[in-house]
Amino acid sequence: MKQDMIVILDLGSTENTALAREIRNLGVYSEIYPHDITVTELRTLPNVKGIVVYGGPNNIINGEKIDISQEVYNTDYPIMAIAHENIGSEYNFSTWEEASPQLKSFVFDVCGAEANWNMENFVADQVELIRNQVGNKKVLLALSGGVDSSVVAALLIKAIGKQLVCVHVNHGLMRKDESENVVEVFGKQLDANLVYVDASERYLTKLAGIADPEQKRKIIGAEFIRIFEEESRRLGGNEAIGFLAQGTIYPDIVESGTKTAKVIKSHHNVGGLPEDMKFELVEPIRQLFKDEVRACGLELGLPDEMVYRQPFPGPGLGVRCLGAITRERLTAVRESDAILREEFKIAGLDKKVWQYFTAVPDFKSVGMRDNARSIEYTVIIRAVNTIDAMTAAIEEIEWPLLQKITGRILAEVDNVNRVCYDLSPKPVATIEWE
Ligand code: XMP
């Protein structure tokens, strides 16, 4: 293994992730584990040079103060106990700036760790770990084409090549050219073992006439699970496949709740997989933050468009083709979204704006086309900036660019006679329209 590691044991501090980042900023890899980790479990982790125990004011669960086990204290791993302000610990600090020299001295002088955390070493280590975990068994991966699943796919292809089976389900609600890009990059360029399932018709049939957004989401999610199960069975099921790879990243773990952190938001993503699948999990990027996942993708040679892809909801264009989905309006969403993305890229806004897309409501308005009355659909442009998607501000698109985009949509997209620009921040609005 190429990288040293400092383990953080989680005593319920909300700042554990900041601490992990702080240590990684020193150039040393750091991972967070639950406070009740056993010595045996600790010893299976590679290259552990020391432990930081980080208690916040929240390290009381059900009236009891929690601590790490005595047997961990009894090991000869160097242990540093720190706390944020006035708690009776070895080290107290109120800013990371203040903590940094002490942390640095612990990590390098006491633990003797080397500053060898970089993406090249991370990839090399993960390749070794994956090979050790998987042996000669097969690994299944639902490859949506999003940043996380793409990076996992590239990492596994490097580690085990054709032992990885990627399943890409095109639910017909993908953006323009997106499924084609997955096939091009993974099927052709990286020569992956890729199963491409075109389920567009199946989805459109299931969704016909369904206008309620929650019901639409449920149908899209359930259908995904059914298709994934069918494919897994077709590939030989548990007999033939030993593992399931997932693009879980560190914020997913935090948001779904750890032993000590409260659940911030539960994930009901499409891409959520059947609970009764008996596969062992391979989650090579579960300790990475989003920017590190992108760096890992670049290190693995994935194209920029894939690595810097904007967030895209699991139910895809399904929640942007408002109300009951029709082919006509789905095409209008897809084509107008493609124009918006193209123009944002030309204007250099694609990496600057967090999320930008179009939505098409299920009503028509009156217009004029070829000197006659036309009754057609409306395209709504949405562009927002946010840090955590809990609140969002509107991106102020320059007038000439808005006019150019509007002109193109009206000229190039069928069945559309009106373009609107949504100025509502979150809250009171949400980012998506449904
Ligand atoms: P809202 O609309 O709640 O969206 O402000 C916040 C962020 O979440 C995305 N989003 C979803 N992502 N499945 C997903 O995977 C969903 O059902 C879903 N709904 C919203 C949205 O695109 C935005 O980034």
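Asn 415 is partly exposed, with a relative accessible area of 28%, and belongs to the loop between α15 (399-412) and β17. In this predicted model, phi of Asn 415 is near 65 degrees, a positive value in a residue other than glycine. Most residues other than glycine have a negative phi, and most peptide bonds are trans. The points below take up further backbone features, then two helix pairs, and finally two individual residues.

**Backbone features**

- Asp 191 also departs from the general pattern of negative phi. Its phi is positive, at about 50 degrees, although Asp 191 is not a glycine.
- Asp 191 sits in the loop between α7 (178-189) and β10 (193-198). With a relative accessible area of 46%, Asp 191 is partly exposed.
- Gly 301, located just after α12, adopts a positive phi of about 85 degrees.
- The peptide bond from Lys 426 to Pro 427 is cis, and its omega is near -15 degrees. Pro 427 is placed in the segment after β17 (416-421).
- Pro 427 and Val 428 are likewise joined by a cis peptide bond, with omega about 15 degrees. Val 428 is found in the segment after β17.

**Packing of α6 against α12**

- Two packed helices are described by the angle between their axes and the distance between the axes.
- For helix α6 (residues 147-160) and helix α12 (residues 290-299), the axes come within 9 Å and cross at roughly 45 degrees. This angle makes α6 oblique to α12.
- The crossing in which α6 passes α12 is left-handed.
- On the α6 side, the contact is made by Val 147, Asp 148 and Val 151; on the α12 side, by Lys 290, Val 293, Arg 294, Cys 296 and Gly 297.
- By residue class, the contact of α6 with α12 comprises four nonpolar, one polar and three charged residues.

**The buried face of α12**

- Within α12, the residues Glu 292, Val 293, Cys 296 and Gly 297 are buried.
- Seen down the axis of α12, these buried residues fall within an arc of 145 degrees, so they line one face of the helix.
- The packing partners of the buried residues of α12 are α1 (16-25), α5 (119-134), α6 and α13 (304-307).
- Val 293, Cys 296 and Gly 297 are among the buried residues of α12, and they also take part in the contact with α6.

**Packing of α5 against α6**

- The axes of α5 and α6 are 9 Å apart, and the two helices pack at an angle of about 65 degrees. The pair is therefore roughly perpendicular.
- α5 and α6 cross in a right-handed sense, whereas α6 passes α12 in a left-handed crossing.
- From α5, the residues Val 123, Gln 126, Val 127, Ile 130, Arg 131 and Val 134 meet Leu 155, Leu 156, Lys 158, Ala 159 and Ile 160 of α6.
- The residues of the contact of α5 with α6 divide into eight nonpolar, one polar and two charged.

**Leu 140, a buried strand residue**

- Leu 140 is part of strand β8 (residues 138-142). Its relative accessible area is 0%, and Leu 140 is buried.
- Leaving aside neighbours within four places in sequence, Leu 140 is in contact with Val 165, Val 167, Phe 228, Ser 232, Leu 235, Ile 241, Phe 243, Leu 244, Ala 245 and Phe 279.
- One of these contacts, Leu 235, is 95 residues from Leu 140 along the chain, with 9.4 Å between the C-alpha atoms of the two residues.

**Asp 350, a partly exposed loop residue**

- Asp 350 occupies a position in the loop between α14 (327-346) and β13 (355-359). Asp 350 counts as partly exposed, at 22% relative accessibility, and buried would require a value under 20%.
- Apart from neighbours within four places in sequence, Asp 350 is in contact with Phe 344, Lys 345 and Tyr 356.
- The C-alpha atoms of Asp 350 and Gln 310 are separated by 8.2 Å, and these residues lie 40 residues apart along the chain.

Methods: Residues are numbered from 1 along each chain as its sequence is written. This is a predicted model: local features need pLDDT of at least 70, side-chain atom pairs count only at pLDDT 80 or more; totals for chains, interfaces and linings use all residues. Side-chain values use heavy atoms; hydrogens and water are left out. Axes are lines fitted to C-alpha atoms, for helices over the stretch in contact, and angles run from 0 to 180 degrees between N-to-C directions. Helices (H or I, at least four residues) and strands (E, at least two) are DSSP runs, numbered from the N terminus. Angles under 35 degrees count as roughly parallel, over 145 as roughly antiparallel, 65 to 115 as roughly perpendicular and the rest as oblique. A crossing is left-handed if the near helix is turned anticlockwise from the far one by less than a right angle, and right-handed if clockwise. Contact means heavy atoms within 4.5 Å. Ala, Val, Leu, Ile, Met, Phe, Trp, Tyr, Cys and Pro count as nonpolar, Asp, Glu, Lys and Arg as charged, and the others, Gly among them, as polar. Buried means under 20% relative accessible area, exposed over 50%, partly exposed in between (1.4 Å probe, protein chains only). The arc is that of the directions from the helix axis to the C-beta atoms.
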